[in-house]
Structure formats: C-alpha cells, structure tokens
Amino acid sequence: MKKPFIFTGVALLLIYATLWVLYYFDFINAFWLIGVLGVELVLLLILLIIFRNKKSGLMIIQITAVLLIGIFVFELKLVYYESLSYRVSLVADPIEAVDHSGIHLLVVNSFDLEYLKDEEYIIKGFENDNQEVLNLHKINNENRYKSKNAELLNWIINKEEDFSIMRENVQIYLSGDTTSIDAFLKRDDISGDSVGLGLAISAKIADGKLKNNKTIGITGALDASGNVLPIGMIEEKIRIAEKKSYPYIIVPDGNVKEAREVKQTMNLKIEIFDVNHIDQAVLLIKRLNTDREKQENSL
C-alpha cells in the first residue's frame, strides 16, 4: 500500500525539480513554477483528506506536503522579481570626498527597471533626461533567482549593508581619525563598498600624511587591515574615469585583468594601476607625484 504513496511523493518532487530547471534556464516564468507548486499542494491536500484513515501511507503524504510547503514558501518571492526586465547603469559624477585632494571616488548609478522591454526606448528615455547609459543588461531568471536568494539570506542573517561595513573598516583602519571624511561617511545616498580605498587615502591627504597633486580615479573595497578587495562594475567605473579624462585609475588587483581587457577592447587612454593593499596605493601616489616634480624641474 505504501508504494503508490511513495511513487506519488517522488513524482511531485520530480515535477518541481523539472520545473525549476525550466525556470532557471528561461523556458518558463515564475508564475508557472509557483502555480504548479500550488496545484501540487492542493492535490496533496485532497490525498490527505481521502486517505486520512490509511496510516500506512499517510505519513508519506504528510512528509511530501511539508517539503512542498517549504519549497513553495521559499520560491514564492520569485513572483515579485518577475516584473524586473533590465538592469541599467548610468554615468555618475565621481566624488572628491576631500576638496582639492585630487582623489576621485568612482561610483555608478545602477538600478533595475520593471516591465520595460524595448532597449531603444529605454536608452532614448534616459538620453531625454540628459543621462548617459553605460550598460543595459537584460535580466534573466538566473539573475532573478540569485537576487531572491540573496534577499532571503540577508533577511535571515540580518546582514549589514556593504556601505556600513565599509564605514566600519575605514574607521578601524584609520584608528577612528576620520574627521575629514565624516560628512561622506554619514551619507545615505550611496551604496556598496567600492569607495573604501579612496576614502582612506583622501583622509591621509587631508591629515597631511600624504601629498598629491595628481588627478586620480580610485575604486576598491578596503578591509580593516588595509587590504584592497575586488569590487563590481569595474568596466563602468573605468569608462567614467576615461570620460572625465583622468590620466590614472587605481583598481584592486583582483579586478585588474578585467580592467585591462576593457581598456584594450575600448581603446581607452587611461593608465591603470592595481594594488592589493593601501600601502601600495600610497607608494604609487608618491611615485606619480615624484615623477611629476622631476618632469617640472627638467623643463
């Protein structure tokens, strides 16, 4: 008597697995996935009612129902992400956290669009608002699924925002001496952690620990020990630095391969330097300024 119930439970789970694969590779949308899961739960409810007196198979149905309810709750959020169509990245003005420091923090305006399908219409719409589109990425189900999982994970573990983590790392690295950049650290209109390296260097310049007369674009996350960590949207940030005619950009060592590929592919003029610790960035800035002084003295 148990075999039919076992077969039914396995079949329902296999149907979900098949639907998940079809969803992940864009053959169906979230409504199909969630809809069929809902139908399976209704079917299990009917079976529970019909065979409520069959103790030998009832537990199998109950276990299957619990599993599918858990899956249904876990996947239900996908319906919210179904409306997302494109991720757009726009040119944003670099930020000089400390005036006249020459250190420009590279940021990108990036957000998701809903329902819009026409790429030409999207680009023209931003152009009409005097905003330049750097990248327009079509969101697929893989992107939606990963975003949903990341949101659930952040909710479960109550993960701190990247900007807050960056603020803490910079404050620890600078031993709390952040007066010159406190105004920036209190901003609530910036997300991510890619300004950490540039902020710490800006603070050193403001405190007289480092001199700089160059115009330099900087991007890179910073941990509490001064290690420089990779960041996202490196292509967009290099293109912004090039657009602003910066002669140099400092990037994390973990991003340098992609950065140089962008430079070569787009035939950019900007000179790229990579570092894996803030001390390397400090030495680099000193060298760039020394080279400039030598050039000036030779004239």
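**Two loops, a small sheet and a buried glutamate**

Okay, let's start with Asp26, which sits in the loop linking α1 (2-24) to α2 (30-50). Before I go on: this is a predicted model, so please hear everything that follows with that in mind.

What is odd about the backbone at Asp26? Its phi is positive, about 70°, and the residue is not a glycine. As for solvent, Asp26 is partly exposed, with a relative accessible area of 41%.

There's another residue to put beside it, Asn130. Here too phi is positive in a residue other than glycine, near 60°. Asn130 also belongs to a loop, the one that runs between α5 (119-128) and β4 (133-138). Is Asn130 buried or exposed? Exposed, with a relative accessible area of 75%.

Now, follow the chain out of that loop into β4 and you reach the sheet. It's an open sheet with 3 strands, in the order β3-β1-β4, and the pairing is antiparallel. The edges are β3 (109-114) and β4, and each of those pairs on one side only. From one strand to the next, the twist averages 20°. A quick reminder on what holds such things together: strands in a sheet pair through backbone hydrogen bonds, in either a parallel or an antiparallel way.

How many bridges join β1 and β3? Strand β1, residues 84-90, pairs with β3 over 6 bridges, in the antiparallel sense. If you want a spot to click on, take Leu90: its bridge partner in β3 is Asn109.

Then there's a helix on top of this. α10 packs on the sheet and touches β1 and β4. The direction of α10 makes about 165° with that of β4.

That helix, residues 234-243, carries the residue I'd like to finish on, Glu236. Glu236 is buried, yet has no salt bridge. Which side chain of opposite charge is nearest? That's Arg239, and it is 6.3 Å away. The cut-off for a salt bridge is 4 Å, so a 6.3 Å separation doesn't count.

So what does the Glu236 side chain do for polar company? Its side chain makes a polar contact with the side chain of Asn135, at 2.9 Å. Leaving out residues up to four places away in sequence, Glu236 touches Ser89, Val108, Leu134 and Asn135. Ser89 falls within the β1 range, 84-90, while Leu134 and Asn135 fall within β4, 133-138.

That's my tour; over to you for questions.

Methods: Residues are numbered from 1 along each chain as its sequence is written. This is a predicted model: local features need pLDDT of at least 70, side-chain atom pairs count only at pLDDT 80 or more; totals for chains, interfaces and linings use all residues. Side-chain values use heavy atoms; hydrogens and water are left out. Helices (H or I, at least four residues) and strands (E, at least two) are DSSP runs, numbered from the N terminus. Buried means under 20% relative accessible area, exposed over 50%, partly exposed in between (1.4 Å probe, protein chains only). Lys and Arg count as positive and Asp and Glu as negative; His and the chain ends are not counted. A polar contact is a pair of N or O atoms within 3.5 Å; within protein, one must be able to donate a hydrogen and the other to accept it, and residues adjacent in sequence count only if both atoms are side-chain atoms. Contact means heavy atoms within 4.5 Å. Two strands pair if DSSP finds at least two bridges between them. Axes are lines fitted to C-alpha atoms, for helices over the stretch in contact, and angles run from 0 to 180 degrees between N-to-C directions.
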